[in-house]
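I am opening a fresh notebook page for this structure, and I want to write down what I look up in the order in which I look.

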Amino acid sequence: MATQFQSSTANRRWRWFTNHAATWLAVGSTVLVVAPLVAIFMDLVYKGASSLNWNFFTKLPVPPGESGGGMANAIIGSIVVLALASLMGIPVGIAGGIYLSEFGRGTKLSTVVRFTADILNGVPSIVMGIAIYGLIVAPTKTFSAFAGGVVLGIMMVPTVARTTEEMMLMVPHSIREAALGLGVPNWRSVLSITLRTAMPGVITGCMLAFARVAGETAPLLFTALGNDFWSTSLNQPIEALPLQIYTYALGPYDEWHRLAWAGSLVLIVLIVVSVSLVRYVTTRGVLKGAN
Amino acid sequence: MGVGIEVNGLNAWYGTNHTLQDITLHIPANEATALIGPSGCGKSTFVRCLNRMHETNPIAKVTGEVKIGGQDIYSETSAVEVRRRIGMVFQRPNPFPTMSIYDNVASGLKLNGFRNRRVLDETVERSLKHAALWDEVRDDLKKKSGASLSGGQQQRLCIARALAVDPEVLLMDEPASALDPVSTAKIEDLIFQLKSQYTIVIVTHNMQQAARVAERTGFFLNGKLIEFDSTHKIFTNPSDKRTEDYITGRFG
C-alpha cells in the first residue's frame, strides 16, 4: 500500500549526501565569518599586549626617543567624545525611529526621512568630518571635542533610527490594541508598551551604531583634531584613540608602532566592554518567560 | 454596575467597504448578549464600534449614534475616556510580554498614572480572583512574564487586566476561539459569573457557546443585523428564515 512512498537505496544515499553537504556548507561559512575576527583579535593581543603597562593608561605621550609614554589622554578623550555622541545621537535616532514606525507611516515626510537616513548611512565619514568642519569648527574658529561629538552623533542617527523603526514594526499589532483598549492614550502606549517591547532590539541598534563610530578616525581629523596634553574641555581640541593610533602607526619610530598596536587593542576592548556592560545592565531585569 | 447600550442607525466603513449597515439595537444592562454570524458579517466591526477601537484603523469611518449609559460616546466624550469605561478582550490572548503578571493586571491603572501601591495590590488580587486565575499565579505574580502562561491562562489574565480598570461594559471578541475545550469552559463559567456585575457583549462563532452564556442573541449577515431576540427564541423559533438556515447549519 505504501510502496510508492518508500524510497530506493539510491534516493536515500542522495539525501544523505545533500543533507551532510548542506550542514558542512553552513559550518564552513560560520568559520569563515568568525575567522577574521579571531585572527584580528589574536594579532592585536600578540603585538599589543606586550606594550600594555600601567604607564600606558596613566601617562601622556612623550617625545620620540623617550620611553614610558602612554595614551591616557586619548582613552579619556575617546570616552568624552563617544559619551557626547551617544547623548546626542541615540535620543534623536530613537525619536526618529518612533516617528517612522508609529506616526509617519504612509506619509510623504516619512518616505523622505527614511530615504535621507539611508543616504546619510552611506555618506563617507570623511565627508561628514568636512561638513562639520564647515558648520562648527570654522565659525567657532577652533577644533573641539564638541565638534567631534557632533559628527559622531550624526553618524549614529541613521543606524539607530532605522533599527528602532524595524524593531517597533515587529511588535505585534495585538499588543498595541491591548493598550489602546485599556484607555491608554496613544503616546503613552507608544512609549510604555511598543517601545518597551521593542527595547532589546533598539539597544542592539544603539550598540551597533556606537561600535561603528568608536573606531572612526577620518571625521575626527577635521573636528576633534587631537591633543598631546590633558583635556576634557568640550571647546578645546581633544585626543581620541583612533587619532592617536593613526599618528603613531604612520610615525617612523618603533616605540610608536608598539604603542599603536597597544592602542588598537585597548580600543577594541573598550568597545567590547561597553557593549557587554550595556547588555548586562539591560537584560538583568528580564522576567522568566518574557520574549 | 453595568449599563445598557443603545445603538441607533450605526453605519461603518473600511475604505469603500460598507461593513455595517444601519444597525439599531438595545443591549440591556447586566446581561450577556451574544453576536453570531458567519465570518466577515460585521459582528467584530460592531463591537469595535462600541469602544471606538474601530477608529484606530486610518481608513475606517463610522456614522450613527452609540449611547452607553445614556452618554453618546461619539459626540460627548473622547475615545480614550470611552475605552476606560468599556473593557475589551480580544480573540488572541495579548498580554504585554515584557511585563510581569502583576504589571499586566495593573497596567491599565499604572499607564494612566495611578501609583498608590496598596490600592494597586488590592485591585490586582481582586481582578485575578474575578478572572479565576489568582490561585494559579499567586506565587509568581512579579516573577513571571504574562507571556509565560498557557493560552487559557493568558486569556484569563487579559480578562483580569480588563476588569482592573473597573469597566461598566465588557466586550469580548471571540474570546475562546483560540483555546482548547477545558479553557473554553473556564472562560464560559467566568462570563456566567461576571454578568451580574458587568454588561457583557460576546462575539462568537460557536452557537452552543451563545446558547450557554447569553440571555440575548443577535444574528448578523452581510453587515446587517437580521434578528435580535432572546437566545431561547433565536435558537428554537427564529422569526427570520435566514436565521433559521444559519443556526441549523444550512449555510455559513
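I began with the secondary structure of chain A, which in this predicted model has eleven helices and zero strands. Reading along the sequence, I noted the pattern α-α-α-α-α-α-α-α-α-α-α for chain A.

Next I looked up the overall dimensions of chain A, whose radius of gyration is 25 Å, whereas a compact globule of 291 residues would have one near 19 Å. Along the principal axes, the C-alpha atoms of chain A fill a box of roughly 90 × 60 × 35 Å.

I then checked burial and contacts, and found that 37% of the 291 residues in chain A are buried. Of the contacts in chain A between residues at least 6 apart in sequence, 74% join residues at least 24 apart.

Turning to chain B, I found an open sheet of six strands with mixed pairing, in the order 6-7-8-3-9-10. Strand 6 (86-89) and strand 10 (224-230) of chain B each have a single partner strand, so they stand at the edges with one side left without a neighbour in the sheet. From one strand to the next, the twist averages 15°.

Within this sheet I followed one pair, strand 7 (residues 169-173) and strand 8 (residues 199-203) of chain B, which run in the parallel sense and are joined over five bridges. Here Leu170(B) stands opposite Ile200(B), a residue of strand 8 of chain B.

Last, I looked up helix 1 (residues 43-50) of chain B, which lies across several strands, including strand 3 (32-36) and strand 9 (216-221) of chain B, and runs at about 150° to strand 8 of chain B.

Methods:
Residues are numbered from 1 along each chain as its sequence is written. Chains are lettered from A and ligands numbered from 1 in the order in which they are written. This is a predicted model: local features need pLDDT of at least 70, side-chain atom pairs count only at pLDDT 80 or more; totals for chains, interfaces and linings use all residues. Two strands pair if DSSP finds at least two bridges between them. Helices (H or I, at least four residues) and strands (E, at least two) are DSSP runs, numbered from the N terminus. Axes are lines fitted to C-alpha atoms, for helices over the stretch in contact, and angles run from 0 to 180 degrees between N-to-C directions. Two residues are in contact if their C-beta atoms, placed from the backbone, lie within 7 Å. The radius of gyration is taken over C-alpha atoms; the globule rule is 2.2 Å times the number of residues to the power 0.38. A residue is buried if 20 or more other C-beta atoms lie within 10 Å of its own, exposed if 12 or fewer, and partly exposed in between; C-beta atoms are placed from the backbone.
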